[in-house]
There are 4 protein chains.
Amino acid sequence: MIIVLKPQATEQHAEELLERISALGLRPLHMPGTERVVLGALGDERVLERLHLDSHPMVESVQRVLAPYKLVSREMHPHDTVVSLGGLDVGGSRFSVVAGPCAVESYEQMSVTARAVRDAGAGALRGGAYKPRTSPYSFQGLGREGLEILAQVAREVGLPAVTEVVEVADVELVDRYADAFQAGARNMQNFRLLRALGQSRKPVVLKRGMAAKVEDLLTAAEYILAEGNPNVILCERGIQTFETATRNTLDLSAVPLIKQRSHLPVLVDPSHGTGIRELVAPMAKAAVACGADGILVEVHHRPEEALSDGQQSLYPDQFTAMMRELGPFVAAAGMTLT
Amino acid sequence: MIIVLKPQATEQHAEELLERISALGLRPLHMPGTERVVLGALGDERVLERLHLDSHPMVESVQRVLAPYKLVSREMHPHDTVVSLGGLDVGGSRFSVVAGPCAVESYEQMSVTARAVRDAGAGALRGGAYKPRTSPYSFQGLGREGLEILAQVAREVGLPAVTEVVEVADVELVDRYADAFQAGARNMQNFRLLRALGQSRKPVVLKRGMAAKVEDLLTAAEYILAEGNPNVILCERGIQTFETATRNTLDLSAVPLIKQRSHLPVLVDPSHGTGIRELVAPMAKAAVACGADGILVEVHHRPEEALSDGQQSLYPDQFTAMMRELGPFVAAAGMTLT
Amino acid sequence: MIIVLKPQATEQHAEELLERISALGLRPLHMPGTERVVLGALGDERVLERLHLDSHPMVESVQRVLAPYKLVSREMHPHDTVVSLGGLDVGGSRFSVVAGPCAVESYEQMSVTARAVRDAGAGALRGGAYKPRTSPYSFQGLGREGLEILAQVAREVGLPAVTEVVEVADVELVDRYADAFQAGARNMQNFRLLRALGQSRKPVVLKRGMAAKVEDLLTAAEYILAEGNPNVILCERGIQTFETATRNTLDLSAVPLIKQRSHLPVLVDPSHGTGIRELVAPMAKAAVACGADGILVEVHHRPEEALSDGQQSLYPDQFTAMMRELGPFVAAAGMTLT
Amino acid sequence: MIIVLKPQATEQHAEELLERISALGLRPLHMPGTERVVLGALGDERVLERLHLDSHPMVESVQRVLAPYKLVSREMHPHDTVVSLGGLDVGGSRFSVVAGPCAVESYEQMSVTARAVRDAGAGALRGGAYKPRTSPYSFQGLGREGLEILAQVAREVGLPAVTEVVEVADVELVDRYADAFQAGARNMQNFRLLRALGQSRKPVVLKRGMAAKVEDLLTAAEYILAEGNPNVILCERGIQTFETATRNTLDLSAVPLIKQRSHLPVLVDPSHGTGIRELVAPMAKAAVACGADGILVEVHHRPEEALSDGQQSLYPDQFTAMMRELGPFVAAAGMTLT
């Protein structure tokens, strides 16, 4: 429920109302705006009727939020949210490019790749230390050692680092090394993990699950915001369809749809979204054009030797070329690239 | 099978080889290029071994076309095909915008809408006279009367007209009124219709079926080319997935994928692809950015009164605004809009 | 709209009401039941208000049919429909087995296979003369010659014949040779073909399209019934999903769902539904168990030489074994097999 | 890699070979059969070449396991595995029925429901204490209190209890209260959880993910077996498709497909698989018919008051009726029900 106060309502009126909301067992929200104060009440909205807010002298209007997500919805928060990812503003006027290898494999690999993507204009570094792999016999990531390498290289090249966390027990450790958490597609509905990330204040890049509707993604994000962490960045990375020529089907229409329904910034991952190196640049340009706030791209200094996702990783030269090609499209979108 | 002749091969060598291919019961293809002549042989390729082409003195190389489509493949025809749609070159450097209402409803509706889209820069007019509708109780199109209105309005505004044909028996009639046929998503695998369209030389806009893989689309196009009509324009219009927020899931990655595999031009239909008016412009821009040759867009002078697809049709003003917004993206792609 | 008459209403009351419905431009339906007469009115139901049927002395109740399909719905026709397919009652207490090769290839092939399936207890023979094939270079069926072979063999073995029709222009010819039409998955929304089949009185086996919801299937069937042909048999044959181990995903839950919503009989095609010979028998048994009225099965006397669908065709011995295994399940369902 | 020893090979030969396999860094497997001993080697199989096993005097044959899953594959283990779920043999000749409410809500609810399902012939009790819910504002389960109620009621009615575990940190606690773990669809690729469950010896009911191919399910099971827990029961519970009339599309063809490829027992969940109470019984019968080893069914003493999944839960009376109807089908399958 959204409660818009009248212009003449004071801070005291707001607090008094919040206390009454709280007393009913609902969760009170305080959203002071530039023109007027908006209050929220989360929970079983039927009990609110007892407060007769409609006829309260300081209340201008009361609206129900129909979507299953509340804090995530644009109704609750009409302005775009900008999330600071270790200094890189995601959701602002700079098109954010987060680049790096799928997995951290060695210091040398990270270092060479990180320098290349930074020099080409990337705003943040990615690299996985914990890799959720389909087969138990595949490379599962370097774990803590991978986190150490990532953090060291990120510091050396001067970029913030994003890395995946797959398990509640690892949240604290990952927090120590990374500037942002990534919750992967397979964990989009790992609600315990989402709650744990909600208790941090670090940004969370939440990837859409392979079978998740846009509404499911937004409702999953609500788990994180409901715990108190407003720094969520959504990421479209392809859904499972009958098409087999591409690894997944990148659903770019999700971008403007999310922008309509939510205030959170949105990235696109054209690497996982297509699974094919040659499609990464065209889909990155399309991401710019449809309104995404940035991209998440896999780059590897030697893709043919990558321990995972080699065929979708760009060579550093290709990344540089892609950044150059992105330029005019980013400008057409009224944004800047670096 | 593709047979590349040596530079010194003469026209006579080519003809002699084509006759021998023909004598084996295969279909011979003659593809003279600027640098050297390429021959093709379609059918059961095993019998070709009898010709020992590998050791023929005028043959440089012999390659199998592995894809199920042959004439459609880029291997057979490395250069982009440009299809002239009543004067509008689709596949060239102009980004083609085909616009108009879902269905022809009246002279007034067509006339008002057609003038609006022409003035905003559309290159061709669309409008259906035969509407394949899910329910037998829905408006099924005006039939011949609709074709007459479409042709008259197209003449008046000076735009070529594209319209759907749903049945072999209608091909001749539609041919008399339209500058290009459209084979709809539901008829993508109506192979008898495709063959009939292959016997025309008018352009065919072939829309991807809702459950069709990119390979299925390309193989369906092969039906048309195999009958002798090279003027095929492919169209991505969304596939059926589990996502319900949009009418279909627009698979933009199909655009660069098709460009890799085929020489045919590709349009994108963001209206059917999303089913939501507000998503049309962002997805049109994304279509430009990922390499499409144009778009097919539904515009209606009074969408709220449209007999079909009202909620995905743009108001004329919205179309004009979209064209303006497309400008910088079309320029970024190195193309022109009007 | 369904109009239930009071017990005391006479035939004359019914006729008078039907005329008034007709006079409003609606399509009148007369559905005399054992206990009372039910009338129907199809079309724009709002004009019906003018008749004030609610207060008519002989009308007990008036209900709207909410589904987009009317004649197909169980609300309009509460009792199960039994369709006579050349003597085989589909929808009755016998579990109908329609078997034969994918395509008619030769007299010998049809003859050997037909005798085998008849001896094992099949109730009807299938075989395609027109094959909608993905590639233009694949075997497309024998056409009229195939129809002749099918009809001759069917007569010789004493089974009714079902065969696919893919084009309006062929309906008359196919009608001369077959006891029932099949409208294939790719033509489920070829509405012109459905209308043409609706003008016949021969049974139509309507297969669910690969991307069609159950509601789409029922609404497609409405096209046939709305033209006056009540003899429609629905067929679940698998839908397109992300699973690649099977050719399609056989959606058996469609069977009880259709039974809930419609009075039409339902067959299951476990051959196309799975694409894998070894899965045919288990899924045939499951079809019995979930309430299907029969199955459509591909059998070939030499599957390894079949011109199409070899890997999903049963050997005659396997068909015989499957029929034996089906026995106890058919009995458990309270039905008979032969 | 599977290494079949010659009949004359002794235990000592086997051990010597296993040590050599181990010394190469591979995981050795010992599978003594009634006729001859089979050894396995898991890991990077290329290093095995150094052993020249082909020419070893006691080795009869060496085969690669091509599937990404090894321990799970039928090649490695040709006989059906029977898993004892607290005394209920899943995978044997009794058709296993695991029934109970979606979530444990109270002692009374569990007690009434448990007695009803036991009296109707259920072999195990289900009930969730941790519910992964799409919305953070939905009932999330009673947690430890739920586990206590479940365990107490299971003891009272004399049935083993199955309950979901959603997080590594809870494995130990759940282990104390339940006879079997359930890993839910949303956690099918929560590989850390699978590893943790692999370190237990309690049975794990592993549900197929909504976007998981059969191969993905089998490879996920490999995580559990690879950690040493052979007691895995697979469960088909519906996949995400474009069909919206049912909650999911129950893919029953997965059952015979899994039986072909793996030795593990398979349950079917017709409640989540359809989401519609009326479809549960028909799909349960179909599950019997296609070869499933049992079903997982939601029953609630007052579905209209259920805190989750009410519309797919059977009333106790309906469960009893379903069990009665299942009888003849279970007999037809050569199995027993209670």
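Colleague: Which residue of chain A comes closest to the rotation axis that takes chain A onto chain B?

Modeller: That's A:Ala286, with its C-alpha 2.1 Å from the axis. Bear in mind that this is a predicted model, where local features need pLDDT of at least 70 and side-chain atom pairs count only at pLDDT 80 or more, while totals for chains, interfaces and linings use all residues. Residues are numbered from 1 along each chain as its sequence is written, chains are lettered from A and ligands numbered from 1 in the order in which they are written, and side-chain values use heavy atoms, leaving out hydrogens and water.

Colleague: How do you know what rotation superposes chain A on chain B?

Modeller: Copies are fitted by least squares on the C-alpha atoms of residues with pLDDT of at least 70 in both. Here the fit gives a rotation of 180° with 0.0 Å of shift along its axis, at an RMSD of 0.1 Å.

Colleague: And what makes chains A and B meet through the same surface?

Modeller: 100% of the interface residues of chain A are interface residues in chain B too, so the copies use the same surface.

Colleague: What relates chain A to chain D?

Modeller: A rotation of 180°, with 0.0 Å of shift along its axis, superposes chain A on chain D (RMSD 0.1 Å). That is why we can call it a two-fold axis. Of chain A's residues, A:Ala211 comes closest to this one, its C-alpha being 2.6 Å away.

Colleague: How many residues of chain A are in contact with chain D?

Modeller: 31 residues of chain A touch 31 of chain D, contact meaning heavy atoms within 4.5 Å. The buried area is about 2600 Å², 52% of it from carbon and sulfur atoms; that is accessible area (1.4 Å probe) lost when the two parts are put together, summed over both.

Colleague: Why is A:Asp170 with D:Arg192 called a salt bridge?

Modeller: The rule wants a side-chain nitrogen of Lys or Arg within 4 Å of a carboxyl oxygen of Asp or Glu. The closest N and O atoms of A:Asp170 and D:Arg192 are 2.9 Å apart, so the pair qualifies. The rule finds two salt bridges across this interface.

Colleague: Which helices of chain A each supply at least two residues to the side touching chain D?

Modeller: Helix 5 (191-198) and helix 6 (214-226), helices being DSSP runs of H or I with at least four residues, numbered from the N terminus. Helix 6 gives the largest share, five residues.
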